[in-house]
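Me: Could you take a close look at one part of this structure for me? I would like to know which side of a single helix faces inward and which faces out.

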Amino acid sequence: MNSILYGESLYGSWGKFLSVLVVTLFIKCVSWQFHTYVAVYLRARMPQDSQIMRRMLTALLLFFVMTALDGIFITWLFHHYHFQGFVYRGDRFLYVVLSGMVLNLFATLFHEGASNFEKWRAALTETEQLRTAYIKSQLEGLKNQIKPHFLFNSINTLSALIGEDGEKAEAFLDELCKVYRYLLKNDGQFVTLSEELAFVASYFYVLKARYGQAIELHMDIDESEMEKLVPPFTLQLLLENALHNNVVSKKMPLRIYIGTTGDGQLVIENSVSTKIKANLEADEGGIRNVINKFRLLGMSEISIQQLVGARRIQLPLMMQKNLEI
């Protein structure tokens, strides 16, 4: 502004330049405080996002008037006291007012934009925190669903074994402890496939003690897939679902196969001899839980195929590096 008012003569000496700068800077600082007061007042009166255009237009109108007034005052002051050889020129005064209005426009847009960006970022952070909390609560809920029913059946089996065979009862209790140790320690979203399979081996031992020859499990896992990741309790839920929805007997044993495809996919296949039920869909809780887990964790969809006398479920494994990313 000083450069517009004085022209090249402003730079004739350091004394002239600094004295004009100090006077103008003092007046502008006072004016800026009034601008700030107006901005804060308008934001308090019109805080809603729906009022942003009204707030900005009102602010700009007031800022333009205030900027024009302090421009008039500075020009009058310099002209009245002939400060540092000031010579009034109407065209230069007009440029001072216009330049102040342009700066007001950019400053107002910048502050509104910065304010709305901060609000958007805060809302995004809050949304992400809520989403994370929701996922954790959902996964915890899915995990807790397997505890009461399984524990009740396991205690009944252990009670029967104690009276029949003490050594088997001791081995059964050891495997049952491994199962519940896994249940208690895994609060994360992923475990390695090797950990999940070790859990399934203990879990199947407990089932085998209960069902005997009526249930069979075969596993054929490529060693290169062992360190890939899977949501915990995925296989347990699928095994429980197969047990719940099929006839399990010595004449019609439930055969379960767990393997890998070599392209990052885990396969769980079980024989099918469906129980007669009024509503089969209502008994597919295990499948739905697994689908919900993978959906909440943002993983690829699960493939379910109904084959002749069997059901084949294929689900993706996650690489360690993908989880780090």
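**A close look at helix H6**

Reply: Happy to help! The outward side of H6 is a good place to begin: the face turned away from its buried side carries the exposed residues Glu167, Glu170, Arg181, Leu184 and Lys185. Please keep in mind that this is a predicted model.

Now for the other side. Buried in H6 are Ala169, Phe172, Glu175, Leu176, Val179, Tyr180, Tyr182 and Leu183. Looking down the axis of H6, you would find these buried residues within an arc of 150°, so they line one face of the helix.

The length of H6 can be checked too. The helix runs over residues 166-185, and its 20 residues should span 28 Å at 1.5 Å a residue; the end C-alpha atoms are 28 Å apart, so the two agree.

Helix H7 makes a useful companion. It covers residues 193-211, and for these 19 residues the expected span is 27 Å, which agrees with the 25 Å between its end C-alpha atoms. The buried residues of H7 are Leu193, Glu196, Leu197, Phe199, Val200, Ser202, Tyr203, Phe204, Val206 and Leu207. After H7 comes Gly212, with a positive phi near 65°.

To put both helices in context, the protein has ten helices and seven strands. Its 325 residues include 38% that count as buried. Of the contacts with a separation of 6 or more, 73% are between residues 24 or more positions apart. The accessible surface comes to about 19,300 Å², with 62% of it belonging to carbon and sulfur atoms.

Terms used:
Residues numbered from 1 in each chain as written. Predicted model: local features only at pLDDT ≥ 70, side-chain atom pairs only at ≥ 80, totals over all residues. Heavy atoms only, no water. Helix = DSSP H or I, 4+ residues; strand = E, 2+ residues; numbered from the N terminus. Expected span 1.5 Å × (residues − 1). Buried < 20%, exposed > 50% of the residue type's maximum accessible area, 1.4 Å probe, protein only. Contact = heavy atoms within 4.5 Å. Areas by Shrake-Rupley, 256 points an atom, 1.4 Å probe, with all protein chains shown as cover. Arc of directions from axis to C-beta.
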